[in-house]
Amino acid sequence: LKRKKNNFKKGENIIMEEIIEQIHTYLETYEKENLLRAKDSIEIDWQKLSQFSFEVSQMVLDDFLNIKSLFQNVIHDHYDVNLEIRFKNLTESIYTEIWKIRNKHVGELVSIVGFVKKVGGIKHIISNKTFECINCGNEINLPQIPAPNKPEQCHCGNKKFYLKDSKAYDIQKIMVEEDPMILDFEQKPERKLVEMIKCLANPGITKELQPSVKVKVTGLVGERKRSPRIEEYTTFIQANNVEFLKEKEIKLSKKDIERIKEISKDDVLNKMGQSISPTIYGYPSIKKALFLQLIGATHIYEGNMLSERGTINILLVGSPGTAKTALIRGLTKFIDKARYTGSSTVSGAGLVATVMKDEEIGDWSLESGVIPMCNGGMAIIDEIDKISKSDIAYLNIAIDKLEVPFDKATIHTVLKTKTTILAAANPKDKVFDKFESIYKQINLPKDFLDRFDLIFAVEAIKDIKTQGNVIDTIFSKIEKGEQTKPFYDTETVKKYVSYVKQIAPILTKESKSYLKKEFLKLVSPGSEAEGAYFSSRLLINLIRLATASAKAHLRKEITLKDAEISLELMKTALISQQVIKDGSLDVVSFENILPKNKREKIHIIKEIIKDLDKEHEGRGAPIEKITNKAVDLKINEFELEEFLRHLRNGEIFEPTRGRFKLL
Ligand SMILES: [Zn+2]
């Protein structure tokens, strides 16, 4: 650390001795037992110190390095141990927002708060080397920071030395990103490199330093040259102490709880739904669903293994210009750990993690994306259809398993992703076709879409009356009129959600038999003829929604009413997706599978390709010959084209242009 201040001048020895005495008395009085137990470091409570000696506590703030070494010397002299001094519980006045750190802070003690964004590997730095003259045995000790150093000549004239000893300390570099919630909406969170050295790089702390963990780091601001050629510097923080912060809990008074009980009896889903986005007209089902999403269901474990997630994930699909972005964006203010990500940053890697060679950390590093950064909260992702397909695999694991293991280069870690996903997507052709299943209109693979409990098509409003209502709502929003006033303010919604979240309702006999009956009604007709496709995925989604509904009503049991609410929401979503026919699920469109007769024809095409490939000694079946054979079997060219497109999703490939082989 350069440019450190030096307040001790010659002639101030008397004051110094007084200070040393005060430090000694303080340690004797308050820390003696800790000192006898301490192994590598000791924590000094600054508030306690300031009550004992205002002077010494001020010097911690103004002349950190010198006071720290005074403490070390006193401890060494009186207790015969070498300890690192870590200060805790420092005055709030040194707190600095990361984005405000400037040149003037260099050499100063600050504390910052943020989330761990990247973590580097453990290294060590050799700080000192002791050389011994091979002629006279004279020892020379030289610092190795900032650059390696060797003695040139001994006083005896000899120029050859043994390396007798070297001293080193551990270092781990991390990147801390500030909490976006303290910033303006469009402000990009700033990051700061933090060096964890010596005992701060011990295994206990390293283990806790996972991406997305919230930390308070206290340390000195240092500066580092960006390139040898120009006088341009960046700042970093050399940590003296780190505190792991818990998310702040919402405190509820007796009065709050009484109010929550009252609210729960009064049409809670509709009124809470309205309160979530009062300035958007309509969409009562979506708003209800969003409220249930805030509450969530319950994670179900078998031993230590997660068997069913409790997060409820929702996707809104609609043409640009519909209310979908406004609907999802508004939810951030109801959750402390929530982030909104627009299209510019959407890529699968960015959403879960990126492994990269990092210049600042000087190592392979894992930069965690928005989903792990919102662990325990909600990631709100707009234009999710823009994510890169190759990274969907990570996303699927993150959503289903609620954690993603990484073993790449020197990185071996598990990112926690207990994150609720709320996303929006545009249809492929921008305009949403009301008469076509949603699955053919979104540019996302089916297995990824299946991770969403509810998918709603948000339609553009076409009838004049509703358009009129939308316009009135906009007027009301601008005039802050009654119509767009929420039933409950943000604080009330947050308190309500935090209270009911804790409830773990159980299924009743009644709700189980209702869900069973209705679920079978929903999925079974027609499915036999279409290939007996049966998936219980929807049932799990229904149970999750019913669980959230029971919580929302302060019920310890999932009642028939909750089951009905859940089924109704599910049906509304499926109807909007155009996958309900005559009251039951159109499995063919819903699962995006081919009907039975088409599947038979596809099988025939595969056989043709296999035979023709053999005929051509493994060089692939030529397209003309496939077409000829297909036409003979009453499969026309258009159908063939569709089948080949389908098969190219993992069943056939094109080794050379116009030739096909089975995978
Ligand atoms: Zn010598």
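Glu639 is buried, with a relative accessible area of 17%; buried here means under 20% relative accessible area, exposed means over 50%, and partly exposed lies in between (1.4 Å probe, protein chains only). Lys601, at 22% relative accessibility, counts as partly exposed. Glu639 and Lys601 form a salt bridge whose closest N and O atoms are 2.9 Å apart, a salt bridge being a side-chain nitrogen of Lys or Arg within 4 Å of a carboxyl oxygen of Asp or Glu. This pair links distant parts of the chain, with Glu639 in helix α22 (residues 637–647) and Lys601 in helix α20 (residues 596–615), 38 residues apart. Elsewhere, salt bridges that share partners bring Lys118, Glu177, Arg191, Arg339 and Glu367 together in one network.

The model is predicted, so to speak of local features requires pLDDT of at least 70, and side-chain atom pairs count only at pLDDT 80 or more, whereas totals for chains, interfaces and linings use all residues. Residues are numbered from 1 along each chain as its sequence is written, and side-chain values use heavy atoms, with hydrogens and water left out.

Two further salt bridges may be set beside the Glu639 pair. In one, the side chains of Lys271 and Asp266 meet at 2.7 Å, N to O. Here Lys271 is the buried partner, with a relative accessible area of 17%, while Asp266 is partly exposed at 34%. In the other, Lys100 and Glu97 meet through their side chains at 3.6 Å, N to O. Lys100 is partly exposed, at 40% relative accessible area, and Glu97 is likewise partly exposed, at 22%. By the same distance rule, the count of salt bridges comes to 32.

Turning to secondary structure, the protein chain holds 22 helices and 26 strands. These are DSSP runs numbered from the N terminus, with helices (H or I) of at least four residues and strands (E) of at least two. Two strands are taken to pair if DSSP finds at least two bridges between them. Strands of a sheet pair through backbone hydrogen bonds, either parallel or antiparallel.

One open sheet consists of three strands in the order β24-β26-β25, with antiparallel pairing. Its edge strands, β24 (621–622) and β25 (652–653), each pair on one side only. Between β24 and β26 (residues 659–662) there are two bridges in the antiparallel sense, and Ala621 stands opposite Phe660 in β26.

A hairpin is formed by β9 and β10, with two residues between the strands. Strand β9 (residues 300–302) runs antiparallel to strand β10 (residues 305–308), and three bridges join them. Tyr301 stands opposite Leu306 in β10, and Gly303 in this hairpin takes a positive phi near 65 degrees.

At the level of the whole chain, the C-alpha trace spans about 100 × 75 × 50 Å along its principal axes. Of its 663 residues, 48% count as buried. Among contacts (heavy atoms within 4.5 Å) with a separation of 6 or more, 70% are accounted for by residues 24 or more positions apart. The accessible surface comes to about 34,900 Å², of which 51% belongs to carbon and sulfur atoms; such areas come from the Shrake-Rupley method with a 1.4 Å probe. Finally, the mean positions of the 104 positive and 96 negative charges are 2 Å apart, where Lys and Arg count as positive and Asp and Glu as negative, without His or the chain ends.

Technical notes. Charge placed at Lys NZ, Arg CZ, Asp CG, Glu CD.
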